[in-house]
Structures are given as C-alpha cells and as structure tokens.
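Reader: Hey, got a minute to walk me through this one? I'd like to get my bearings before lunch.

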Amino acid sequence: MTLYKEAQVTAIHQAMGQSDQETRLLVFLEEPRNRQEIAEYLGIGTVSYAIQAYIHPLIERGLVNMTIPQKPRSRK
C-alpha cells in the first residue's frame with residue numbers, strides 16, 4: 001500500500017486534468033455522502049443543481065460511483 005500526502009494527490013489529480021475544486025470534492029467523496037451533504041460542502045443551496053453540475057460529470061468520467069446505483073433518486 002502506498003500513502004500519498006495531500007499535495008501529491010492534488011498534483012496527481014491536476015495532471016489528470018482535474019481542477020482543484022474537483023480534487024477537493026473527490027477527497028470529500030471518499031466516504032459515502034448524501035445529496036444534501038454534497039450541496040452543503042459545495043456551498044450550493046439547490047441540491048439538484050449541485051448533483052447535476054458537479055456529481056454527474058464525475059460519474060460519467062468514472063471518478064465516483066453512486067452508493068445505490070439501482071435507485072438514482074435515493075437520498076443516500
């Protein structure tokens with residue numbers, strides 16, 4: 001197992017073409033989070049906008065997975 005410092009992880013993600021905000025979001029999403037927690041972390045009041053604008057692109061790129069993929073509207 002190799003452990004990296006946060007600065008190294010950021011450098012790796014930026015080399016992969018990810019913005020700093022995406023990198024921080026990916027670190028935040030290492031633990032399963034619900035829609036409300038994600039919106040609050042991003043500082044966005046509209047949960048549906050936060051999911052559509054930030055999470056769906058990450059899902060499409062294969063960087064994150066839904067915790068319950070068979071229920072995409074689940075609050076979890």
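Author: Sure, we can go through the fold, then one helix, then the pocket. Keep in mind that this is a predicted model.

Reader: OK, basics. How many helices and strands are there?

Author: The protein chain has 4 helices and 0 strands. Along the sequence that reads α-α-α-α.

Reader: And how much of the chain is buried?

Author: Of its 76 residues, 26% count as buried. As for contacts in the chain with a separation of 6 or more, 40% come from residues 24 or more positions apart.

Reader: Let's zoom in on H3. Which residues are buried there?

Author: Arg-35, Ile-38, Ala-39 and Leu-42. Looking down the axis of H3, the buried residues fall within an arc of 95 degrees, so they line one face of the helix.

Reader: Why would that spacing put residues on one side?

Author: An α-helix has 3.6 residues a turn, so residues three or four places apart point the same way.

Reader: Got it. What covers the buried residues of H3?

Author: The cover includes helix H2, residues 20–28, and H4.

Reader: What goes on at the start of H3?

Author: A side-chain oxygen of Asn-34 comes to within 3.1 Å of the backbone nitrogen of Gln-36 there. Just past the other end, Gly-43 has a positive phi of about 75 degrees.

Reader: I had my eye on Glu-37. Where does Glu-37 lie, and why is it classed as partly exposed?

Author: Glu-37 lies in helix H3. Its relative accessible area is 33%, so it counts as partly exposed, which is the class between 20% and 50%.

Reader: What is Glu-37 in contact with, leaving aside its neighbours within four places in sequence?

Author: Phe-28 and Pro-32. If you're wondering about Val-47, that residue is 10 residues away from Glu-37 in sequence and 9.0 Å away in space, C-alpha to C-alpha.

Reader: Switching topic: what volume does the largest pocket have?

Author: About 330 Å³. It is lined by 20 residues, and the closest to its centre are Arg-33, Ile-38, Asn-65, Met-66 and Thr-67.

Reader: Ile-38 again! Which elements give two or more residues to that lining?

Author: Helix H3 (35–42) and helix H4 (47–60). H4 gives the most, with 3 residues. Ile-38 does come up twice: it is one of the buried residues of H3, and it is among the residues closest to the pocket centre.

Reader: Last one: what's the lining like by class?

Author: There are 10 nonpolar, 4 polar and 6 charged residues in the lining of the largest pocket.

Definitions and conventions. Residues numbered from 1 in each chain as written. Predicted model: local features only at pLDDT ≥ 70, side-chain atom pairs only at ≥ 80, totals over all residues. Heavy atoms only, no water. 1 Å grid on protein atoms, 1.4 Å probe; cavity = no way out; pocket = protein on both sides within 12 Å on 5 of 7 lines; lining within 4 Å. Points joined across faces, edges and corners; volume = space filled by probe spheres on them. Nonpolar A, V, L, I, M, F, W, Y, C, P; charged D, E, K, R; others polar. Buried < 20%, exposed > 50% of the residue type's maximum accessible area, 1.4 Å probe, protein only. Arc of directions from axis to C-beta. Contact = heavy atoms within 4.5 Å. Polar contact = N/O pair within 3.5 Å; in protein donor to acceptor, adjacent residues only side chain to side chain.
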